[in-house]
Structures are given as C-alpha cells and as structure tokens.
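Trainee: I should like a close look at the aromatic pairing in this structure. Please take one part and explain how it is arranged.

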Amino acid sequence: MTAPAVEANPVPMTAKRRGTQLFMLTFAVAIVMAAYAIAGLGQDGQVPGDMLTYGLGLGALMAVAYIALAKFAPWADPLLLPLVTVINGLGLVLIWRIDHAGRNGASAPTQLMWTALGIVVFAVTLVVLRDHRVLQRLTYTAGALGLLLLILPLLPFIGKEINGARIWIGIGGFSIQPGEFAKLALVVFFAGYLVAKRDVLALAGRRLLFIDLPRARDLGPVLITWIVSLGVLVLQKDLGSSLLLFGTFIAMLYIATQRTSWVLIGLLLFIGGAYLASKIPAFGHVDARLQVWLNPEDPELYDRELGGSQQLMQGLFAFGTGGILGTGLGVGNPTLIPLSFSDFILAAAGEELGLTGIMAIIMIYALIVERGLRISIAARDPFTKLLAGGLAFILAWQVFIIVGGVTNLIPLTGLVTPFMSQGGSALLSNWILIALLVRMSDTARRPPPQAIQDEGMTQVFQR
Amino acid sequence: MSELTLLLIRLAFLAVLWFFVIAAVGVIRTDLFGPKTAPANTARKPAKQAKPAMRSRRGEPQKLVVTGGPLNGTTLNLTETTLITIGRANDSTLVLNDDYASTRHARLFPQDGQWIVEDLGSTNGTYLDRSKVTRPTPVPIGVPIRIGKTVIELRK
C-alpha cells in the first residue's frame, strides 16, 4: 500500500515563539525600570542613582529565567514569564517607594532578595521537574505534606503569632509562612485525588428537583476539607487562607465532575460555617470583620484599636485620591495606609496609578489566569488538566479575595496580593506555581510524536 | 522638573502599561489564529477552534463523536485536523483510560476526502462495525468504530 497522506502532510506545529517571549520579557523589564525612574522623579525630583545597577540586575535575573525556560521547557507558553515579571517588578517599585518614604516594615532590599531567590527557585523547579506527571504518584504524600505545613504554625516553639494571625514559623531568625507552600501541595493532592475519584463523584447519586445530589459517603472528602479549612480559620485566625483552600477545592471538584451541586453544597457549607463563626463570641474577629465590611464609615469602628476599619477606609481614600489617572508614582501618600506594602499594596497602586493602572494590573493577572486555563484545555491527560486548572483558579481566587477585600466588595481577609505584596514565602510559592504552569504548558503545547508505520509490523516514533 | 513634564511622564507610563497588556493579548491572538500572513498552522488545538471550518465540503465528516465508553459524549472537530491518534499514551489525541486499549491503539487520518482508520498493531484489535480492521480502511459516516470499551463514530 502507498504511504498514507499523513506523511506528505505532517501535523502542523505550534510555534515555539521564543523570540516573542524575549521581546515581551525585555518590554516587561523596561516597564519596571521606567516605573522605578518615575517613582524616583516623583519623590526626589531625580532619577535614582542606583537605577542602572538595579536594571542590569533585574535584566540578568530575567535572562537566567529565560535561558532555563528556553533550554528545559522550549515549548512553554511565551507570556507567563513576562506577565509575572511586570507584576513582580511593579510590586518591587511600590515597596521601594513606600520604604523610601520612611515607612516602618517596608523593606525593598529584602523583597528584592526574595524576588531573586524566587526566580532562582523558578529555574531550579524547571530543571529538576522534567515531567510534572511524577507529581501524580505523590498524590497522598503531597496531601500529608500540605496538612503538615498547615499545622506547623500551631506547634509550640516554632509557631509564631504576628499581627493576630498564627500562620508563621520562625527558623533561625527568618519567619516563614508554611501555609503558602501548603497551598501548592494541597492543589497537587486535590488534582491527584480527583483524577482517581472523579467518576464516582460525578456519576453516583440521586436526582432531587434540579440538583444531582451526591451519595452521602462521597461527601466525606468535601467534609474533611471543610473541617480542615474551618480549623485553619478557628485555630490560626486566618480567614483568607481558609476561604482560599475551601474555594479551590470546590472549584477543582467542579472542574472534575461538572456537577453544579458540589458548588452549591460548598457555598452552603462555607456560608454556614462563617455565619456560625461570627455568632460564637470566641471568634470575635470574624464578627468584627463583618461589621467593618457593612459599616466601614462608622466612627466607632474607625477608631477601634484592633480590628477597626481605619485601614480599610484609608485604602478607600487612597483609591479616591488616585481617581482615574492617579497621582503619579512617588507623589501619593501611601504611607498613610497601615500595611500599604503588604496586604494593601493595591490601594497604594490605586492611589499612584489610578483606576487606569489598577485595571491594567488586574488585566495582567487575568491574562496569567487565562494562560493557565488555556494550558488546562490544551492538556491531554486528566491530571494535567486538573492541576493547571486548579493552579490557575487558586491564583484568580486569591486576587479576587484580596482585591474584593481592599475595595470593600467582600469582607476583608488578610491575604497577600500574589507577586506584589511584601513577603518571601508567598513570592517563592507563587514562583513555583508559575514554574509548574510553565512545565505543564511545555508538555501541552509540544506537538505529539508521530507514529510512522509500515504495514503494521515496525513502529518508529519521531519527536 | 515641571508639573507638566511630570504629568506627561505619568500619562505616558500608563499608556505604556496598557500597551504591554495589548501586546500580550496580541500574542494570544496569534497563538489562536496563527500569524496573518502564514497559512493556517493552528490546527493543533481542535478543541477550541474559533475560526469557521475552511474545508466544509458536503459529504465530509465534520466531527468525531465518542458514543460509548468512559469518554462518552466527547467530540473532536475534524475540519482542521490531519491526524487523530487513539490510545492510552498521554500524547494521543484521544486518551483512553481503558484496560482493553493499547498504548498506541489506532489512528484516523483523511485521504482524498475520506477518513481512514488504521490499527497500530493493538493487542485487542480495532473493529469497524463488526469486522476487525486489518488494513487501513475508509470509515463511512455513522459507522461505529470499537476500541476496547470505547465506541466512536464520524458525524457530519
């Protein structure tokens, strides 16, 4: 028989697009440097003297990341790295600017060091993890690790309580938030678990009215996650992480089973749990958050020492001062907002870049998430689909919770803004997250090997 | 530094930030639809083709539908695809999770306006309707192909 047409007309290939990536990366570094120069101009009336050093430093770091990516994940998505670079760089500039204005707690050099470390960790992850599917074998290990990391801050001696939340551990002078890494481990666990169990979760059950009810025994894992996230809420007083974990699990359950009933059950469980928590006097901080959310302008709440609305209102004032176009980098007064360098960095950005700038930042987050979901669609095996979908969702969900909180759309919960807020643990774990997405996009976009066959006996595969 | 210069710099920065966003969207656009000049080289992602079918001649199958087995209900768009591989391998177009399927079980490809099914030396065989596929065989529209527990067919 004659050779089949396939060989004459090979499978069209996706381009590698490394050139595009290099261009966008250079663009990103240029934007960050321009922001740095403008912040210096606005604050001191002159371009910062160390600008060239920082520019070259950032450029060199990005070159390292780019080379690691081009060498070890050549088919990876061309946009992820440049988009993250802009966000991370803008965060750095804002922190530098707040640090420069003499705010206690903000420290640009530390954040710069963590950024460098984050990029190194990104490159190392790409080099070490050649095939993310090994993670599927570590499903239950990852689950156990995630739980352990969540519990660590509660242990005596190493656990520390800072700003009313017990989410830190101290190791030799450093404070680490293990919860940030637990988040990644748990997403890996959820993905592996749901690949194994999704058929039974999707198909078994009865239909009641318009909703497919799952079987009682299949509710087990959902209830366990619910209890764990409530435990986080109660024991560590960390409303944000609790919401983040539970929401991510429900979203991944929905991706795996396509059943709306899981989302409804999850929402009911969370709202019920949060309502109960707000009614029990021992968890006064939940109730305080709800009151602040409903009446932030109440003078009594504004003046309250702990858990008052002063921070939120200062953030809203900052957004108002910024208006549409912003006051310009280095010209605003972000030092007035408590924690403007970490939780409230978006309020600082809103003041200095205005609505236009905030929208651009949120668009960049949206694009990162879009690339993640796109990887999930393009992936060919269910584990990659769930892992990419879950990681993209956790990023989107985190941005939603913090932006919603800062703008008073939803009750404020302490979560870091990914890549922007000051904080090493969050930065490292988010860079690992991006490395995982890059690794998966490399697998998903790589053209499939083609089988060349002569009469069914020998098979040759070409890559 | 005068107020006006600062204002201009500020506006220019916002414009550049947005230009970056637009450039990123442009990259995504090229990714989906291919560069404007080159002929469509976008066929690799059949699941999300936004362009209408270019070769929609009558009588040619438009999609591949899984009608039985665990993947029941999955459809693949055929209009811009040139090869469909079926098997348990992770890089197959249709990844089967089925003990009765081989890693590289079968493939489907178009030739002269027809789709051809070819068994790739599988253990349990590929069946076109009731007969075992021993050589590349044209697939008529609506005739079931059985691979392990999975049944697929071509539809218009």
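Mentor: The following account concerns aromatic pairs and the residues that form them. This is a predicted model, in which local features need pLDDT of at least 70 and side-chain atom pairs count only at pLDDT 80 or more, while totals for chains, interfaces and linings use all residues. Residues are numbered from 1 along each chain as its sequence is written, chains are lettered from A and ligands numbered from 1 in the order in which they are written, and side-chain values use heavy atoms, with hydrogens and water left out.

Rings of Phe, Tyr and Trp (its six-membered ring) pair if their centres lie within 6.5 Å; planes under 30 degrees apart count as stacked, over 60 as edge-to-face and the rest as tilted. By this rule there are 14 aromatic pairs over all chains. In one of them, A:Phe122 and A:Trp431, the ring centres are 5.5 Å apart and the planes stand at 70 degrees, so the pair is edge-to-face. Because A:Phe122 belongs to helix α5 (residues 108-128) of chain A and A:Trp431 to helix α17 (residues 424-445) of chain A, this pair ties together parts 309 residues apart in sequence. Helices here are DSSP runs (H or I, at least four residues), numbered from the N terminus. Both A:Phe122 and A:Trp431 are buried, a term for under 20% relative accessible area (1.4 Å probe, protein chains only).

A:Trp431 also pairs with A:Phe419: their ring centres are 5.7 Å apart and their planes at 80 degrees, so this pair too is edge-to-face. A:Phe419 lies in the loop between α16 (382-406) and α17 of chain A, so the pair ties together parts 12 residues apart in sequence. A:Phe419 is likewise buried.

Key. Helix = DSSP H or I, 4+ residues; strand = E, 2+ residues; numbered from the N terminus. Buried < 20%, exposed > 50% of the residue type's maximum accessible area, 1.4 Å probe, protein only.
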